[in-house]
Structures are given as structure tokens and as C-alpha cells.
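Reader: Please take one helix of this chain and describe it closely, with its burial and whatever covers it. Some context on the chain as a whole would help too.

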Amino acid sequence: MAALAVAGCSDGAAPEADAADTVVTVVTVDATDTVEATEVADTAAPTTVAPTTLPPTTLPPTTLPTTTVAPTTLPPTTVAPTTTLPAVLETREIGRSVQDRPITAVRRGTPGGRVVLVVGVIHGNEDDGVAIIDLLERVDVPAGVDLWLVESMNPDGQLAQDRHNANQVDLNRNFPADWGPIGVPGDGQYAGPSAASEPETQAMVAFVEELRPDLVIWYHQDLFRIHPGRGRDGAIRQRYAELTGLPLVAITGGTYTGVAATWVRRTIDPGVSFIVELGPTLSAEEADAHARAVLTVATEPN
């Protein structure tokens with residue numbers, strides 16, 4: 001019998017208002033081998049023999065050693081704890097960075113389910129969202145969720161710990177939603193020479209247009225808040241804030257054109273897309289809370 005058990009500066013995209021085989025060799029050696037000895041008495045005709053008187057023979061008592069049979073000890077039956085790590089359904093390179101690094105998307109969950117996209121890094125020096133993506137790549141994904149995870153859409157900036165990509169463009173000002181020329185290379189919010197001028201932006205635009213996700217979450221740092229929204233979008237933001245302890249507070253102070261989350265909302269109707277501003281740091285417990293929040297809002301009716 002065998003048992004087997006077995007994603008950030010504060011981006012503030014404000015006007016973004018809008019988840020051994022212990023072969024128990026229970027060798028039931030159940031075999032009770034019983035060998036039956038059959039004694040057969042040969043019977044012959046009686047023979048009369050004259051009695052012979054022999055002197056008594058005294059034999060010393062025969063002492064046989066005690067036979068000790070060691071007890072048979074079977075190893076304890078151990079069933080390995082059940083560990084469920086659903087397989088990655090797909091790993092896809094969706095584009096390359098300016099410096100030719102891959103931008104990769106990992107797919108998990110239920111094909112044909114509610115499509116959810118989570119992006120860990122868009123500003124290279126705001127990368128605590130990676131810890132959340134890492135958890136989402138390993139935990140169980142509830143049935144009915146078609147989950148796509150992009151650890152970083154700015155691998156060059158992440159490696160350099162720079163807000164911008166290698167062309168010094170703020171990718172969260174480069175999307176084709178109200179794009180406008182902001183600054184010059186070296187400026188914090190430099191929007192690039194034109195809308196979607198950057199290969200990283202182009203990769204995400206093409207991917208989102210193909211995927212058409214119902215929910216997109218973008219991680220940034222470090223304002224520790226979520227900008228309020230309206231309607232269904234606003235309700236999901238509020239729910240996420242409740243689950244993670246983030247306040248719903250307006251994000252202000254920048255020029256918010258060419259923002260990724262805004263572009264998604266205008267492109268995918270009635271899709272929801274919003275920015276989560278993490279704090280300056282992210283503890284393991286906080287990362288876990290965010291991963292759980294993603295899966296909760298992905299499964300709740302909204």
C-alpha cells in the first residue's frame with residue numbers, strides 16, 4: 001500500500017482618479033506461512049523380543065539456549081504534507097528594453113477567467129513591488145482568475161536604480177493618453193520625444209491591447225496611499241485600501257500626462273486600472289497583505 005500526499009517615487013499618477021512518497025511499505029507481509037508437519041506412524045506386525053536389562057543411564061539435562069527473536073519494527077507511516085504550487089501556465093517575453101533586456105510576463109490561474117494584470121515596476125528606483133509579484137508567482141491562485149504578472153517593465157532603470165529608462169524617459173509620462181512634451185532628458189518627468197516613443201512603453205501598449213485585462217494594478221513608491229476614484233473603479237480602490245491599510249488620499253504635485261494607468265482605463269472599457277503607492281519600505285507582512293489583496297479584489301464581485 002503506497003501513500004503520496006502529497007510589485008514603485010511617488011508617481012502619483014493622480015488624475016488617475018478616474019493569490020514520500022513514503023511508500024508505506026506497509027508490507028502487510030500478511031503471509032502466515034504455516035508448515036504442517038504430518039507424522040506418519042508405520043505399523044508393522046508385532047515382534048516379540050526377549051527383554052534386555054540395561055543399567056540405568058543418567059544423562060545430564062540438556063539446556064537449550066533461549067531463542068530471542070528481535071521484534072519486527074516497521075517504519076512509521078509518514079504522509080508528506082500536501083503542497084500545492086500551481087504550475088506557471090505561460091512565460092512570455094513581451095518586449096525588450098532600450099538596453100535589450102527582456103520584459104517578461106508570467107501567466108497563472110485559469111485561462112478564460114477574469115483577466116488581471118499586475119505590474120511590479122515602472123519607475124526603476126521604486127521596485128518594492130517585486131516582492132509582491134514574487135509572492136503572486138508562488139501562492140495558490142483562486143479558480144476563475146487569469147492572472148498575468150510583469151515583474152518590471154523598466155529593467156534598465158531598475159538595474160541602475162533610476163526612475164527613468166536608459167533614454168532618461170519617465171515611462172509613466174510616455175503613454176499615449178493626453179501625452180504632452182514635458183522637460184528634457186535629465187528632468188524628473190521627461191516624457192520623451194513623442195507618445196509611446198520608448199520600446200518599453202510600446203511593449204506594454206501592445207500587450208495590454210492584446211490581453212484586454214479587466215483589472216490592472218501598478219505599484220509605485222513612496223507616498224503610501226491610493227488616489228480615490230469613481231464608480232466601479234473607485235469601489236475597487238477603496239476595497240484594496242481597506243485590505244492593505246493604505247489611506248485613500250489624493251495624489252498631487254506633478255504633471256500627470258501620458259500616465260500608464262489612465263491610458264489603460266481609456267483603452268479597456270470597462271476595465272479598472274489604478275496605482276498603488278507603497279511606502280518607502282515594504283515588510284514581508286505588508287507584501288503578503290498586498291498579494292492577498294490582489295487576489296481578493298480579483299475574485300470578489302465588483
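Author: Of the 302 residues in the chain, 42% are buried; the model is a predicted one. The accessible surface of the chain is about 16000 Å², and carbon and sulfur atoms account for 56% of that area. The chain holds six helices and six strands, and their order along the sequence is β-β-β-α-β-α-α-β-α-α-β-α.

The helix chosen here is H6, which covers residues 284-299. Helix H6 has 16 residues, and the distance from its first C-alpha to its last is 23 Å, close to the 22 Å expected at 1.5 Å a residue.

The buried residues in H6 are Ala287, His290, Ala291, Ala293, Val294, Leu295, Val297 and Ala298. Both helices and strands contribute to what covers them. On the strand side, the cover includes E3 (114-119), E4 (145-150), E5 (215-221) and E6 (272-278). Among the helices, H1 (129-136) and H4 (231-244) are included in the cover as well.

Two of these covering elements, E3 and H1, are joined by a loop that contains Glu126. Glu126 has a relative accessibility of 0%, so this residue counts as buried, the cut-off being under 20%. In sequence, Glu126 is 35 residues from Gln161, while in space the two lie 7.9 Å apart, taken from C-alpha to C-alpha.

How values were computed: Residues are numbered from 1 along each chain as its sequence is written. This is a predicted model: local features need pLDDT of at least 70, side-chain atom pairs count only at pLDDT 80 or more; totals for chains, interfaces and linings use all residues. Side-chain values use heavy atoms; hydrogens and water are left out. Helices (H or I, at least four residues) and strands (E, at least two) are DSSP runs, numbered from the N terminus. The expected span of a helix is 1.5 Å times one less than its number of residues. Buried means under 20% relative accessible area, exposed over 50%, partly exposed in between (1.4 Å probe, protein chains only). Contact means heavy atoms within 4.5 Å. Accessible areas come from the Shrake-Rupley method with a 1.4 Å probe; for residues, only the protein chains shown count as cover.
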